[in-house]
Structure formats: structure tokens, C-alpha cells
Amino acid sequence: MSHRTTVELVASAAEPSGFPAPSLPEVAVVGRSNVGKSSLINTLVAKDVAHTSRTPGRTRLLHWFRVKSAGHSFFLVDLPGYGYAEVPKGMRASWQPLIESYLNGRSTLRAVLLLLDIRRGVQEEELDFVPWLLDAGIDVVPVLTKADKLAKNKRAPVQARVRRELELRRVPLAVSALSADGIDELWRLMVATTR
């Protein structure tokens with residue numbers, strides 16, 4: 001990853017009318033509220049731009065971060081977390097149309113990074129969400145976070161199981177914001193996807 005990477009927040013939106021006009025290629029990041037999404041985004045861009053809420057699962061904004069590196073620019077789009085048990089069902093249901101309206105109609109969307117905690121694997125939400133993404137023709141990049149919490153020799157079986165359960169063509173990447181395992185590989189994939 002280049003140390004000359006710059007990143008800036010250019011837009012936040014709580015409803016589709018606030019989405020910026022499509023321009024640069026976009027990679028969206030989505031996952032359960034406690035999967036370590038903000039930490040991963042901050043590690044990827046080497047800057048504290050994504051903030052964790054004191055009440056996980058309460059954020060219902062989409063954030064567009066413009067990333068520039070080695071003459072290449074793209075947007076990293078931070079989607080609201082889902083599946084946080086303490087959030088009322090009505091509030092959780094209100095995010096779904098927002099996320100779906102973004103994913104359904106975004107001409108510049110190149111891929112969705114689907115984050116899963118390597119220790120928890122696939123949960124009910126992903127079994128519903130992933131087929132929907134695939135049916136919509138969206139490139140799903142599965143990313144297993146918090147890989148440092150699992151011995152290296154135990155990661156491959158989890159990667160294989162997640163791929164099988166979600167019927168994905170890609171082997172999930174095992175990454176850690178703490179140890180930086182897999183971060184360079186994920187970064188290269190994001191850049192290649194948005195070229």
C-alpha cells in the first residue's frame with residue numbers, strides 16, 4: 001500500500017436523495033455491526049476516517065470516502081451495519097430500503113466487501129443477503145475479519161466453509177486490522193476492481 005494514499009469524506013447520506021451523483025468507481029463495505037468494519041476501513045486507508053459509534057448498530061448513514069493512490073481514485077462507501085441484536089426491529093427494517101436502494105441502482109458500484117467475523121462465520125442475515133446481491137449481479141468479495149483471533153492453521157477450514165455455505169466463487173480473504181494480515185492483498189484487490 002502506498003504511503004501517498006489520501007482519503008477524504010466527501011458525502012454522507014441518510015436517504016437516496018442525498019446520494020452523490022455517480023462518478024468514480026465505488027467499492028461498498030458492509031457487515032454486521034460488531035464485525036470491525038470501521039477498524040478495517042481505517043487500516044486500509046491508513047487514517048482514522050471511519051468512526052465507531054458508542055452504540056453499535058445505530059449509524060444509519062452511508063459515507064463516501066474518496067481514496068487517491070498512485071494516480072488512481074475511487075470511492076470507498078461505508079454502509080450501515082446490520083444484525084445488531086439490541087437495535088429495535090423497526091429501526092433495523094428502516095435501513096434495509098436505504099441499503100437496497102444504493103446497491104440496486106448504483107451504476108458505479110464495482111464490488112461489495114462483505115465482512116464476516118472469522119470466529120462466527122455465516123449467520124442468518126448473510127444467507128438472505130448474499131443470494132440477493134448475487135441475483136442483482138453484484139460482485140461479492142467475502143472478507144473474514146479479526147483473523148488474528150484464530151491460529152493461522154485454523155483459518156483455511158473456515159474460509160472453505162464460508163465459501164461453500166454462501167456459494168461464492170471467491171475464497172474469502174482472512175484479514176486483521178490489528179496484525180495487518182491480508183490487508184495488502186485486500187487493498188490490491190480493491191484497486192484492481194476499480195481500475
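This report walks through the sheet, the aromatic pairs and a helix contact of the structure above. Please keep in mind that the model is predicted.

**The sheet**

A good place to start is the open sheet, which has 7 strands in the order β1-β3-β4-β2-β5-β6-β7 and mixed pairing. Its edge strands are β1 (6-13) and β7 (173-174), each of which pairs on one side only. Within the sheet, strand β3 (residues 62-69) runs antiparallel to strand β4 (residues 72-78), and the two pair over 7 bridges. If you would like to find one of these spots on screen, look for Arg66, whose bridge partner in β4 is Phe75.

A helix packs on this sheet too: α3 (residues 124-135) touches β2 (26-31), β5 (109-117) and β6 (140-145). The direction of α3 makes about 165° with that of β5.

**Aromatic pairs**

Next come the aromatic rings, for which a search of the whole structure finds 5 pairs. Two of them are set out here.

| Pair | Distance between ring centres | Angle between planes | Arrangement |
|---|---|---|---|
| Phe19 and Tyr102 | 6.0 Å | 80° | edge-to-face |
| Phe74 and Trp187 | 6.1 Å | 55° | tilted |

Phe19 and Tyr102 come from separate parts of the chain. Phe19 sits in the loop between β1 and β2, while Tyr102 belongs to helix α2 (residues 89-105), so their pairing ties together parts that are 83 residues apart in sequence. Are these two residues buried or exposed? Phe19 has 15% relative accessibility and therefore counts as buried, and Tyr102, at 0%, counts as buried as well. Together with Trp64, Phe19 and Tyr102 form one aromatic cluster.

The pair of Phe74 and Trp187 also links distant parts of the chain. Phe74 is in strand β4 and Trp187 in helix α5 (residues 183-194), 113 residues apart. Both Phe74 and Trp187 are buried.

**Where two helices meet**

Trp187 turns up once more in the contact between helices α1 and α5. The axes of α1 (residues 37-45) and α5 come within 10 Å and cross at roughly 80°, so α1 is roughly perpendicular to α5. Which residues make the contact? From α1 there are Leu40, Thr43 and Leu44, and from α5 there are Ile183, Leu186, Trp187 and Met190. Sorted by character, the residues of this contact are 6 nonpolar and 1 polar, with no charged ones.

How values were computed. Residues are numbered from 1 along each chain as its sequence is written. This is a predicted model: local features need pLDDT of at least 70, side-chain atom pairs count only at pLDDT 80 or more; totals for chains, interfaces and linings use all residues. Side-chain values use heavy atoms; hydrogens and water are left out. Two strands pair if DSSP finds at least two bridges between them. Helices (H or I, at least four residues) and strands (E, at least two) are DSSP runs, numbered from the N terminus. Contact means heavy atoms within 4.5 Å. Axes are lines fitted to C-alpha atoms, for helices over the stretch in contact, and angles run from 0 to 180 degrees between N-to-C directions. Rings of Phe, Tyr and Trp (its six-membered ring) pair if their centres lie within 6.5 Å; planes under 30 degrees apart count as stacked, over 60 as edge-to-face and the rest as tilted. Buried means under 20% relative accessible area, exposed over 50%, partly exposed in between (1.4 Å probe, protein chains only). Angles under 35 degrees count as roughly parallel, over 145 as roughly antiparallel, 65 to 115 as roughly perpendicular and the rest as oblique. Ala, Val, Leu, Ile, Met, Phe, Trp, Tyr, Cys and Pro count as nonpolar, Asp, Glu, Lys and Arg as charged, and the others, Gly among them, as polar.
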